[in-house]
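Trainee: I'd like a close look at one part of this model, taken slowly. Please pick a good starting point and work outwards from there.

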Amino acid sequence: MSLQQRTLGTTSPLTVSALGLGCMGMSEFYGTGDEATGIATIQRALDLGVTFLDTADMYGPFTNERLVGQAIADRRDEVQLATKFGNERLPDGTRVGINGSPEYVVAACDASLQRLGVDHLDLYYQHRVDQSVPIEETVGAMAGLVEAGKVRHLGLSEASAATIRRAHATHPITALQTEYSLFTRDLEDEILATIRELGIGLVPYSPLGRGILTGAITSPDALDDHDSRRSAYFPRFSGDNLDANLALVEKVRALATEHGCTPGQLALAWVLAQGDDVAPIPGTKRVTYLEENVGATAVELSADDLTALERAVPRDAVAGARYGDMSSIDT
């Protein structure tokens, strides 16, 4: 099976499946992971034409890259493989901080290549912007990886419009990865226009609002005890915020019923409809949810449908910040 493809970037274009797969939750953050199930999900994704895979060195830490590497070991040519560096962690999970130093860029890439078992990365992102290092130095080191053949295309994650401009002037940036969904539309203020002016593609992470837009989360008790969404780091999932946000999800559910699809499929179809330069990467660790997400590619939305969704979920109606601590986000 094959999905529609989309091209990220114009100066340094990368063609990917219109829908990607975020692999983070297979190893950490969203409850207990299971390696065998994660590998099976990735391989099923490839069978369905979902070939744009996303991971990062800090997921696990380090274990998610190894899992992805195992899953694609005999199918590397089918995959557009993306990983990230910059959120430095120790093997025991301790967070060291954000590191964008040129020396770290090179060392992190070599380590990722080894864990993934590949000789090149299709897309290499700076996971978070290091405010202590000029972006020109970080991207300059990333450009060196392209020259060395270790990386094909460069990306940024959660970067401001000003940072994106400076980075792109140093070396062509193919994609910006940032949070984007019916519940998170901040980038529409300035960033979206900037990347389109520069010819940079958009890779939305958490396009389902970290799962809340699927309708499967009805209370904190619906989440595993070890699920980070139960913590203060994700204010949208607790107390009055959760109640207000679930009321919005019910409006999405009502519209989804009219379309004969699930709330998650409708919410994901909204993201897919934002442009041919947009390739969302909904994360899951289960084949069932993967298959549901793929079904979103068959949901066609008219201009009136998009307007109805945006009226059902007004930007200022979503309760709570997307992170409890926004200090790592470049503004």
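Mentor: Happy to. Let's begin at Tyr-180, which counts as buried because its relative accessibility is 0%, and the cut-off for buried is under 20%. Keep in mind as we go that this is a predicted model.

Which ring does Tyr-180 pair with? There are five aromatic pairs in the structure. In one of them, Tyr-180 is matched with Trp-270: the centres are 5.5 Å apart, the planes make an angle of 55°, and the pair is tilted. The two partners come from distant parts of the chain, 90 residues apart, with Tyr-180 in the loop between E10 and H6 and Trp-270 in helix H8 (residues 263-272). Trp-270 has a relative accessible area of 0%, so this residue is buried, as is Tyr-180.

Another pair makes a good companion. Phe-234 and Tyr-323 have ring centres 6.0 Å apart and planes at 45°, so this pair is tilted. Here, too, distant parts of the chain are linked: Phe-234 sits in the loop between E11 and helix H7 (239-259), while Tyr-323 belongs to the segment after helix H10 (303-312), 89 residues apart. Phe-234 counts as buried because its relative accessibility is 7%, and Tyr-323 is buried with a relative accessible area of 7%. Tyr-233 joins Phe-234 and Tyr-323 in one aromatic cluster.

Back to the loop that holds Tyr-180, which lies between E10 and H6. Strand E10 covers residues 175-179, and five of its five residues are buried. Is one face of E10 covered, or both? Both are: Ala-175, Gln-177 and Glu-179 are buried on one side, and Leu-176 and Thr-178 are buried on the other.

What flanks E10 in the sheet? The open sheet has seven strands in the order E3-E4-E5-E8-E9-E10-E11, with parallel pairing. E3 (20-22) and E11 are the edge strands; each has a single partner strand, so one side of each is left without a neighbour in the sheet. From one strand to the next, the twist averages 25°.

On one flank, E10 runs parallel to strand E9 (residues 151-157), and three bridges join the two. Within that pairing, Gly-155 has Ala-175 of E10 as its bridge partner. The connection from E9 to E10 goes through helix H5 (residues 161-170), and the three elements make a right-handed β-α-β unit.

On the other flank, E10 pairs in the parallel sense with strand E11 (residues 201-205) over five bridges. Gln-177 has Val-203 of E11 as its bridge partner. Helix H6 (residues 191-198) makes a right-handed β-α-β unit with E10 and E11. The loop with Tyr-180 thus belongs to this second crossover, because Tyr-180 lies between E10 and H6.

Farther along the sheet, strand E4 (residues 52-54) and strand E5 (residues 80-85) pair in the parallel sense over three bridges. There, Leu-53 has Leu-81 of E5 as its bridge partner.

Now to H8, the helix that carries Trp-270. H8 appears again next to H10: the cover over the buried residues of H10 includes H7 and H8. Which residues of H10 are buried? They are Leu-306, Leu-309 and Ala-312. These three cover an arc of only 125° around the axis, which puts them on the same side of H10. Ala-303, Asp-304 and Arg-311 are exposed on the other side of H10.

For contrast, here are two residues outside these elements. Ser-112 is placed in helix H3 (residues 102-116) and counts as buried because its relative accessibility is 0%. Setting aside neighbours within four places in sequence, Ser-112 is in contact with Asp-57, Glu-65 and Thr-83. Thr-7, in strand E1 (residues 5-8), counts as partly exposed because its relative accessibility is 38%. Not counting residues up to four places away in sequence, Thr-7 touches Pro-13, Leu-14, Thr-15, Asp-276 and Asp-277.

Conventions. Residues numbered from 1 in each chain as written. Predicted model: local features only at pLDDT ≥ 70, side-chain atom pairs only at ≥ 80, totals over all residues. Heavy atoms only, no water. Buried < 20%, exposed > 50% of the residue type's maximum accessible area, 1.4 Å probe, protein only. Helix = DSSP H or I, 4+ residues; strand = E, 2+ residues; numbered from the N terminus. Pairing = 2+ DSSP bridges. Right-handed = clockwise from strand over helix to strand, strands pointing away. Axes fitted to C-alpha atoms, helices over the stretch in contact; angles between N-to-C directions. Phe/Tyr/Trp six-rings, centres within 6.5 Å; stacked < 30°, edge-to-face > 60°. Arc of directions from axis to C-beta. Contact = heavy atoms within 4.5 Å.
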